[in-house]
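User: I have a protein open on my screen and I'd like to go through it piece by piece. Can we start with the overall picture?

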Amino acid sequence: ADKNPNTQGLRLQGLAPNVGVDELIADAAAGRLAALVLHRTDLTTWRPGAETQTALEKVPFLAVLDTDQREACQFAAVVFPVATYAESDGTFTNHAGRVQRFNPAVAPPGDARQGWFALAELVTRVTGESLPPNADAVFAALAADSAAFRSLSYAILGDRGQLAAGS
């Protein structure tokens, strides 16, 4: 079972992908994807390299947000260097639906940005919306938009986290 942080958070928002990695690569290879955003993952390490590389080359807009210079970066239209969780402020929703805070222990290196900021910057470039001022504002927007998180805020999460509605 997928116990990656935030998969359950996506499900609670109704945003979990309906397809697996094999289907995603097949859609890319067939030209059915207009855009793809890879966040701290490299599909070329999960599946046969040549097949995956060919598929990624067919995606008109590939954005990669990563802590490392992985192979998928060479196919990207844009690469955003992002900080690790130890260098970031934010939340994650674990497999049980518990929303937990994390805080930066150290500053991100070089041009790396916190993940929420890099994603917000990408949205801003596409939509023209203004950048949120901090991770708290991003979470507040999520809570306002998603019933599963509506009763939560950074203040309510505290140090132990809280269960999202429907968990």
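Analyst: First, a term: two residues are in contact when they have heavy atoms within 4.5 Å of each other. In this predicted model, residues 24 or more positions apart account for 53% of the contacts with a separation of 6 or more.

User: ok, and how many helices and strands are there?

Analyst: The protein has six helices and six strands. Going along the sequence, the pattern is α-α-β-α-β-β-β-β-α-α-α-β.

User: What does the C-alpha trace span along its principal axes?

Analyst: About 45 × 35 × 30 Å. The radius of gyration is 17 Å, which agrees with the value near 15 Å for a compact globule of 167 residues.

User: And what share of the residues counts as buried?

Analyst: 34% of the 167 residues.

User: Let's do strands. Which ones form the open sheet, and in what order?

Analyst: The order is β4-β5-β6, with antiparallel pairing. β4 (90-93) and β6 (162-163) are the edge strands; each has a single partner strand, so one side of each has no neighbour in the sheet.

User: What holds strands together in general?

Analyst: Strands of a sheet pair through backbone hydrogen bonds, and the pairing can be parallel or antiparallel.

User: How many bridges join β4 to β5?

Analyst: Four, and β5 covers residues 98-102. Gly90 is opposite Phe102 in β5, and Phe92 has Gln100 as its bridge partner.

User: What about the turn in that hairpin, how many residues are between the strands?

Analyst: Four residues lie between β4 and β5 in the hairpin, and Gly97 has a positive phi near 90° there.

User: And the other side of β5, how many bridges go to β6?

Analyst: Two bridges join β5 to β6, and these strands run antiparallel. Val99 has Gln162 in β6 as its bridge partner.

User: Going back a bit, where does Ser88 lie?

Analyst: Ser88 is in the loop between β3 (78-81) and β4.

User: Buried or exposed?

Analyst: Ser88 is buried, at 4% relative accessible area. Its side chain reaches the backbone oxygen of Thr84 at 2.8 Å.

User: Which residues does Ser88 touch, leaving out those up to four places away in sequence?

Analyst: Ser88 touches Ala83, Phe102, Asn103, Pro104, Gln114 and Gly115. Phe102 has come up already: this residue stands opposite Gly90.

User: Gly115 is where α4 begins, going by the numbering. How many residues does α4 have?

Analyst: Helix α4 runs over residues 115-127, which is 13 residues. From the first C-alpha to the last, α4 reaches 18 Å, close to the 18 Å expected at 1.5 Å a residue.

User: Which residues of α4 are buried?

Analyst: Gly115, Trp116, Ala118, Ala120, Glu121 and Leu122.

User: What covers them?

Analyst: The cover includes β1 (35-39), β2 (61-66), β3 and α5 (135-145).

User: And what comes just after α4?

Analyst: Gly128, which takes a positive phi of about 85°.

User: Glu121 has a charge, so which residue does Glu121 form a salt bridge with?

Analyst: Arg113, and the closest N and O atoms are 2.4 Å apart. The two ends of this salt bridge have unlike surroundings: Glu121 counts as buried at 16% relative accessibility, while Arg113 is partly exposed at 24%. The cut-off for buried is under 20%, so Glu121 falls below the limit and Arg113 does not.

User: Why would a charged pair sit together like that?

Analyst: Side chains of opposite charge can pair when their charged atoms come close.

User: How many salt bridges does the count come to?

Analyst: Six.

User: Which residues are joined into one network?

Analyst: Asp66, Asp68 and Arg70, through salt bridges that share partners. Arg70 meets Asp66 at 2.5 Å, N to O, and meets Asp68 at 3.3 Å, N to O.

User: Are those three buried or partly exposed?

Analyst: Asp66 is buried, with a relative accessible area of 3%. Arg70 is partly exposed at 29%, and Asp68 is partly exposed at 44%.

Key:
Residues numbered from 1 in each chain as written. Predicted model: local features only at pLDDT ≥ 70, side-chain atom pairs only at ≥ 80, totals over all residues. Heavy atoms only, no water. Pairing = 2+ DSSP bridges. Salt bridge = Lys/Arg side-chain N within 4 Å of Asp/Glu carboxyl O. Buried < 20%, exposed > 50% of the residue type's maximum accessible area, 1.4 Å probe, protein only. Polar contact = N/O pair within 3.5 Å; in protein donor to acceptor, adjacent residues only side chain to side chain. Expected span 1.5 Å × (residues − 1). Rg over C-alpha atoms; globule rule 2.2 N^0.38 Å.
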